Amino acid sequence: MEIKKVAIIGGGTMGSGIAEVCAKSGLDTIVMEPEAAAAEAAQNRIDSSLDKAVARGRLSQEDRSTTGALLSYTTDINALGDRDLVIEAIVENEAIKLELFKRLDEVTPEHCILASNTSSIPLINIGTATKRPDRVLGLHFFNPATVQKLCEIVVSIATDEAVVVACEKFAQETLGKETIRSQDRAGFIVNRLLVPYLLQAISLLDTGQVSAQDIDNGMMFGCAHPMGPLTLCDLIGLDTIKSVADVLYDEFKEPTYAPPPLLKRMVAGGLLGRKSGAGFYKY
Ligand code: 3HC
């Protein structure tokens, strides 16, 4: 089960990062967005990231050209007829994902593995939207995908072990990532631990007893985290954190996963973090 040709669906923050990792690893990589403007935005995002890597001396001009040539962009799902692996990284909306996987099942070859970068939606629901639930699994990357070493592999109750092993080999040997394996339970491994911590930081800020900067400095200088929890919330996006918390709470019904009032109000007010220009900090 050799993976040489991949497609990434969705060229937002995560999708473009994953596509960049794939192309830099020498894979023929198609980025698909349904609208031409979004496909162009994805191309600009990836191009400027590659240019930055060259400017910082992390990528040679020659490797920049090779990587660029391996990337192509499309709005046509029928262009995915020769892919070995598709990784979906679209909006965290179950109905939209299920519709997409139904189409992917129709247009991709039988051997193609269909993966989702979902951080919260059950992989078995995605798998059963297709006629090949045994070839559907989660490949969960972390933000920024070009930097974070982890790929969390999420195995549904229907996923074939041979597919899991092929994806582990692909993530480790081709992409140079570390992998961990999780069963298909909300939050998998990392978000199940990380999200309650982030929610606690937001609740602590909401007490008014401490400042955002002191919460962040506490975890950076006391525990050597690369960034504090509120800065991390702004990086991930507050809407994403809320939607993961909602799914975790729905699955386990434990107060530790319930989105705190301040998070709900900030999302309602459009304070989503870096991507909206303001969250716990201004950008
Ligand atoms: N996008 C892309 N690349 C970025 C970036 C961004 N937003 N921010 C930084 N980078 C890159 C830089 O270009 C640089 O790359 P280079 O070494 O090739 O030049 C490298 O990261 C280091 O950047 P800096 O030196 O400017 O900054 P730091 O050393 O402070 O590192 C950081 C920045 C990598 C973001 C680091 O602070 C970090 O690892 N923070 C924790 C992030 C984290 O926890 N992510 C997981 C989120 S959870 C998730 O994604 C799951 C989801 O389901 C919710």
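**Aromatic rings**

I began by looking for aromatic pairs across the whole structure, which is a predicted model, and the search turned up one. The partners are Phe 252 and Tyr 257, with 5.5 Å from centre to centre and 40° between the planes. I noted the pair as tilted, because planes under 30 degrees apart would count as stacked and those over 60 as edge-to-face.

Next I asked myself: is Tyr 257 buried or exposed? Tyr 257 has a relative accessible area of 6%, so I wrote it down as buried, the cut-off being under 20%.

**Around the ligand**

Then I turned to the ligand and looked up its neighbours. I found 18 residues surrounding it, and Arg 56, Arg 58, His 140, Asn 143 and Gln 148 are the closest.

I checked some side chains for polar contacts. His 140 places a side-chain N or O atom 2.8 Å from an oxygen atom of the ligand. For Gln 148, a polar side-chain atom sits 2.9 Å from a ligand oxygen. For Arg 56, I noted 3.0 Å between a side-chain N or O atom and an oxygen of the ligand. How much of the ligand does the protein cover? On its own the ligand has 1,000 Å² of accessible area, and the protein covers 65% of that.

**Where the shell comes from**

I sorted the shell by class and got nine nonpolar, five polar and four charged residues. Two helices I jotted down are α7 (190-206) and α9 (229-236), each supplying at least two shell residues. The largest share, three residues, belongs to α9. Last, I looked at the domains: domain 1 (5-183) and domain 2 (192-275) each give at least three residues to the shell.

Terms used:
Residues are numbered from 1 along each chain as its sequence is written. This is a predicted model: local features need pLDDT of at least 70, side-chain atom pairs count only at pLDDT 80 or more; totals for chains, interfaces and linings use all residues. Side-chain values use heavy atoms; hydrogens and water are left out. Rings of Phe, Tyr and Trp (its six-membered ring) pair if their centres lie within 6.5 Å; planes under 30 degrees apart count as stacked, over 60 as edge-to-face and the rest as tilted. Buried means under 20% relative accessible area, exposed over 50%, partly exposed in between (1.4 Å probe, protein chains only). A residue is near a molecule or strand if one of its heavy atoms lies within 4 Å of it. A polar contact is a pair of N or O atoms within 3.5 Å; within protein, one must be able to donate a hydrogen and the other to accept it, and residues adjacent in sequence count only if both atoms are side-chain atoms. Accessible areas come from the Shrake-Rupley method with a 1.4 Å probe; for residues, only the protein chains shown count as cover. Helices (H or I, at least four residues) and strands (E, at least two) are DSSP runs, numbered from the N terminus. Ala, Val, Leu, Ile, Met, Phe, Trp, Tyr, Cys and Pro count as nonpolar, Asp, Glu, Lys and Arg as charged, and the others, Gly among them, as polar. Domain bounds come from an automatic or database domain assignment.
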